[in-house]
Amino acid sequence: MSQSSTSASPTGSPFAVVVMFFGYGFVMASSYSRMPGIRDQLGCTPTQLAFALVCMGIGFILGAPFAGRLVDRYSSRAVSLVTTLISLGGWALVPTARSVPVLALTLLITGVGAGVCGVAMNVQGHLVEVRRQKVWMPYWHGLFSLGAVSGALAGAFAASIGLPIAWQLLGVSGVLVVAMCLATTRFIPDAGLHPSPGSEPVEEPIFDEPQALASARSPAGQGRRSALNPVEILLGIIAFATALGEGAANDWLALMLVDNRGAPPALGALTLAGFNLTMALGRFTGGVAIQRYGRAPVLRVAGVLACTGVAALCLVNSTLIALLGALAWGLGLSVVFPAAMSAAGEVPGRGARAIAVVATIGYGGFLLGAPLIGLLAHAMPLDRALLAVAMLVLLIAVLAPAARERGAKTRG
């Protein structure tokens, strides 16, 4: 047995995945929370800052499609290690930018690293949950949300005491580089996914079609790799609708309540906080529901719940309904994206590449959500424009059968 196969627990280290997801949520929110200071440091306009921030999303989109190939070739452990160094190094360099183009380029490179690492982390998270025979992907994404809340609070505290942005981001990145790189040493090997040429896999493959996977990983079998599966596109649409719905809430929910419902800004912020709270709570409890009832039934209910919440919030002029609608919106979307990642990992013969495809399409929802709703808001009131979100998230319920379990093997 190879050294890499013996260096980690055969059932994997859940704590290593916890560190990765929490760490990425923390550094991203901690950095974004200081963007007003970075804007002032550069003396740029909101439009210029928005251009730089969009480059982060573009980096995600550029990096994610290659993540599956990289994981296939080098393992989720190696890819996570290298791209963690790239993305955390990028965040540390953000305060050194002295012009908008330099900031945009820094965020673009950071986004590429984060996009590739995001796929590799999801691959590792899927491997661990399969090995442990648990539905843990929602927990991983819940920990990302928890890390984001913690990072935002840390950034707010740093700003309140006047800590220089460069010190904060350098300190955060330095601590997380150590923690997350150590975490990758506890990753489990991608068992059966990376056999040496001419040798048999040292462990039983975790997917249903080990021969297809083994041949795809060996030089002689490169041409026989499974082609893109239509299921991946359906899962990608589910992820896209979810990401667009989540992004639309973060970008437009508070503004809609203030402008279209006459709510005070504090209520708009409270409603958005409620949305994010139910997102986190839903992710921490969704795994139990999926374990008990299955992914497809849970996603059907989730899609209908999110659609109902958005529609009620947009159509009923009531602050109470607005709050309840936001809670339903967040709760409905909470478990969908991680469930789509788990389902992608079970696509026969595709594994990491399926996760990369679904993640790439899903990231597009985050990138396109804000401009799409903004464009519609030019032609109609914002509360009516957000009804487009209700229609899109209903696709989650319609396409839920694509996420059904495909019998990935697990071992204790």
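In which kind of crossing, left-handed or right-handed, does H6 pass H7? Let's keep that question in hand while we walk through this structure, which is a predicted model.

A quick look at the whole protein helps first. Its secondary structure comes to 17 helices and 0 strands, so everything below is about helices and the loops between them. The protein has 412 residues, and buried ones make up 54% of them. Among contacts with a separation of 6 or more, 84% join residues 24 or more positions apart. On the outside, the protein exposes about 16,700 Å², and carbon and sulfur atoms supply 70% of that surface.

Now back to the opening pair. Helix H6 covers residues 100-132 and helix H7 covers residues 137-160; their axes come within 9 Å and cross at roughly 135 degrees. That angle makes H6 oblique to H7, because angles count as roughly antiparallel only over 145 degrees. As for the question, H6 passes H7 in a right-handed crossing. If you would like to find the contact on the model, look on H6 for Asn122, Gly125, His126, Val128 and Glu129, and on H7 for Met137, Trp140 and His141. These residues divide into 3 nonpolar, 4 polar and 1 charged.

The loop between H6 and H7 deserves a stop of its own, and Gln133 is found there. Most residues other than glycine have a negative phi. Gln133, however, has a positive phi, near 60 degrees. Its relative accessible area is 44%, which means that Gln133 is partly exposed.

A second residue of this kind lies earlier in the chain. Ser75 is not a glycine, yet its phi is positive, at about 95 degrees. You will find Ser75 in the loop between helix H4 (46-74) and helix H5 (76-93). Is Ser75 buried or exposed? Its relative accessibility is 17%, so Ser75 counts as buried, because the cut-off for buried is under 20%.

Let's finish with another helix pair. Helix H10 (residues 230-261) packs with helix H15 (residues 352-379) at an angle of about 35 degrees, and their axes are 7 Å apart. Here too the crossing is right-handed, with H10 passing H15. What divides the residues of this contact? They fall into 18 nonpolar, 7 polar and 4 charged.

Definitions and conventions:
Residues numbered from 1 in each chain as written. Predicted model: local features only at pLDDT ≥ 70, side-chain atom pairs only at ≥ 80, totals over all residues. Heavy atoms only, no water. Axes fitted to C-alpha atoms, helices over the stretch in contact; angles between N-to-C directions. Helix = DSSP H or I, 4+ residues; strand = E, 2+ residues; numbered from the N terminus. Parallel < 35°, antiparallel > 145°, perpendicular 65-115°, else oblique. Left-handed = near helix turned anticlockwise from the far one by under 90°. Contact = heavy atoms within 4.5 Å. Nonpolar A, V, L, I, M, F, W, Y, C, P; charged D, E, K, R; others polar. Buried < 20%, exposed > 50% of the residue type's maximum accessible area, 1.4 Å probe, protein only. Areas by Shrake-Rupley, 256 points an atom, 1.4 Å probe, with all protein chains shown as cover.
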